[in-house]
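Me: Could you take a close look at one part of this structure for me? I would like to understand how the aromatic rings are arranged there, and then what surrounds the ligand.

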Amino acid sequence: MKSIYDYTINDLTEYFLSIGETKFRASQVFDWLYIKRVKSFDEMSNIKKDLIKYLNDNFVLKTLKLIKVQSDIDVKKYLFELSDGNKIEAVLMNHDYGNSLCVSTQVGCNMGCRFCESGRLKKVRNLNANELVEQILMVEDDIKDRISHVVLMGIGEPFDNYDNVMRFINIINDPKGINIGIRHITVSTCGLVPKIKEFIKERAGVNLAISLHAPNDEIRDKIMPINKVYKIKDIMDVVKEYIKETNRRVTFEYILLDGINDSKECANELVKLLKGINCYVNLIPYNETSHIEYKKSKKMTINEFYDILKKNNINVTIRREFGSNVSAACGQLRSEYSKG
Ligand code: SAH
């Protein structure tokens with residue numbers, strides 16, 4: 001049965017009209033779901049009995065089951081089971097500006113980035129919009145607080161599940177619902193260029209982050225198979241188009257891998273590549289995982305890399321390291337749980 005959390009307010013209204021109900025009823029139900037946060041249709045006390053029965057007969061609410069939580073001081077990791085038994089993760093990070101939730105978008109991932117734990121499990125299926133929405137609802141339930149920021153950086157490639165991801169963004173952005181500001185939502189992609197083009201046309205406002213991880217095709221080819229399809233030049237072209245159309249800054253993520261992409265030459269090459277582009281570079285100390293041989297760059301190397309970018313007027317930060325004790329790297333909790 002379909003989950004009612006899969007519906008935007010427009011879809012719900014259209015559906016209600018098609019069954020002879022009113023627009024007003026649809027917004028009442030939406031309010032029960034997202035403002036009052038009921039756990040069953042029976043709690044919707046201003047909805048007439050026959051409609052409640054209809055909803056019970058035709059929809060479910062939650063489909064996710066929380067099976068494990070791991071906490072650290074500033075990070076909390078959630079393992080969920082989907083209705084078909086597959087498992088996904090979400091990671092909550094406590095920032096000074098609020099609670100940020102990193103959500104998964106697929107079961108597994110087909111992008112095959114060599115350094116990434118998630119990709120060790122090939123894509124089993126896309127998550128539906130409701131399975132994304134429910135990650136937020138369940139974590140807010142757990143912490144009894146609001147999530148202010150959402151990053152689509154968990155397991156999966158969001159642009160390989162484009163329609164469900166856009167539907168999810170519409171649902172959580174609704175001011176009469178969960179109401180997460182559009183500028184507080186970040187989609188991270190390994191660089192599916194045609195989808196970035198589509199995204200530019202329809203979703204100005206959502207932040208775009210690109211997992212670049214290398215300053216040239218030679219290195220990127222080795223660590224990210226997607227680079228065989230879309231080259232760095234293709235990415236830079238579409239990024240320029242994004243900036244021109246949306247007037248917004250792009251984030252580049254750059255994992256520092258010891259001896260692979262962290263040399264001074266790499267830093268200088270990155271400067272050349274990004275010079276004059278309205279962007280921001282997030283240097284990510286690699287979170288080592290037991291199955292993959294890559295190592296985290298040395299602290300001094302990270303700092304030197306940072307300095308070169310900084311000196312050349314590239315906006316840059318080193319990502320604060322969250323919860324290496326709670327398997328916070330993508331896919332680690334699922335992988336440990338299933339002894340994968
Ligand atoms: N597929 C999307 C989003 C999921 S990955 C993308 O590629 O952007 C989210 C980010 O985490 C990416 O930048 C990814 O490269 C990075 N990442 C993956 N494994 C990591 C690890 N072990 N340590 C640090 N960052 C990692």
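Reply: Happy to! Keep in mind that this is a predicted model. Let's start with two phenylalanines: phenylalanine 159 is buried, and phenylalanine 199 is buried too. For phenylalanine 199 the relative accessible area is 0%.

The structure holds 10 aromatic pairs. In one of them, the ring centres of phenylalanine 159 and phenylalanine 199 are 5.2 Å apart and the planes meet at 55 degrees, so this pair is tilted. An angle over 60 degrees would have counted as edge-to-face. The two residues are 40 apart in the chain, and their pair links distant parts of it: phenylalanine 159 sits in the loop between strand 9 (149-152) and helix 5 (162-173), while phenylalanine 199 belongs to helix 6 (residues 193-202).

Phenylalanine 199 also pairs with tyrosine 242. Here the centres are 6.5 Å apart and the planes differ by 5 degrees, so the pair is stacked. Because phenylalanine 199 lies in helix 6 and tyrosine 242 in helix 8 (residues 232-246), this pair ties together parts that are 43 residues apart in sequence. Tyrosine 242 counts as buried as well, at 1% relative accessibility.

Put together, Phe159, Tyr162, Phe199 and Tyr242 form one aromatic cluster. Tyrosine 162 has a charged partner too: lysine 195 lies over the face of its ring, at 5.2 Å from the ring centre. Elsewhere, lysine 36 lies over the face of tryptophan 32, 4.3 Å from the ring centre.

Now for the ligand. It is surrounded by 19 residues, and the closest are Glu157, Ser188, Ser211, His213 and Asn287. By type, the shell divides into 10 nonpolar, seven polar and two charged residues.

Some of the polar contacts can be followed atom by atom. Serine 188 places a polar side-chain atom 2.6 Å from an oxygen atom of the ligand. Glycine 156 contributes through its backbone, with a polar atom 3.0 Å from a nitrogen atom of the ligand. Cysteine 190 uses its backbone as well: an N or O atom there lies 3.5 Å from an oxygen atom of the ligand. Taken alone, the ligand exposes 540 Å², and the protein buries 93% of that. As for where the shell residues come from, the elements that give two or more of them are strand 10 (185-189) and strand 12 (250-256).

Note on methods
Residues are numbered from 1 along each chain as its sequence is written. This is a predicted model: local features need pLDDT of at least 70, side-chain atom pairs count only at pLDDT 80 or more; totals for chains, interfaces and linings use all residues. Side-chain values use heavy atoms; hydrogens and water are left out. Rings of Phe, Tyr and Trp (its six-membered ring) pair if their centres lie within 6.5 Å; planes under 30 degrees apart count as stacked, over 60 as edge-to-face and the rest as tilted. Helices (H or I, at least four residues) and strands (E, at least two) are DSSP runs, numbered from the N terminus. Buried means under 20% relative accessible area, exposed over 50%, partly exposed in between (1.4 Å probe, protein chains only). A charge sits over a ring if NZ of Lys or CZ of Arg is within 6 Å of the ring centre and within 35 degrees of the ring normal. A residue is near a molecule or strand if one of its heavy atoms lies within 4 Å of it. A polar contact is a pair of N or O atoms within 3.5 Å; within protein, one must be able to donate a hydrogen and the other to accept it, and residues adjacent in sequence count only if both atoms are side-chain atoms. Accessible areas come from the Shrake-Rupley method with a 1.4 Å probe; for residues, only the protein chains shown count as cover. Ala, Val, Leu, Ile, Met, Phe, Trp, Tyr, Cys and Pro count as nonpolar, Asp, Glu, Lys and Arg as charged, and the others, Gly among them, as polar.
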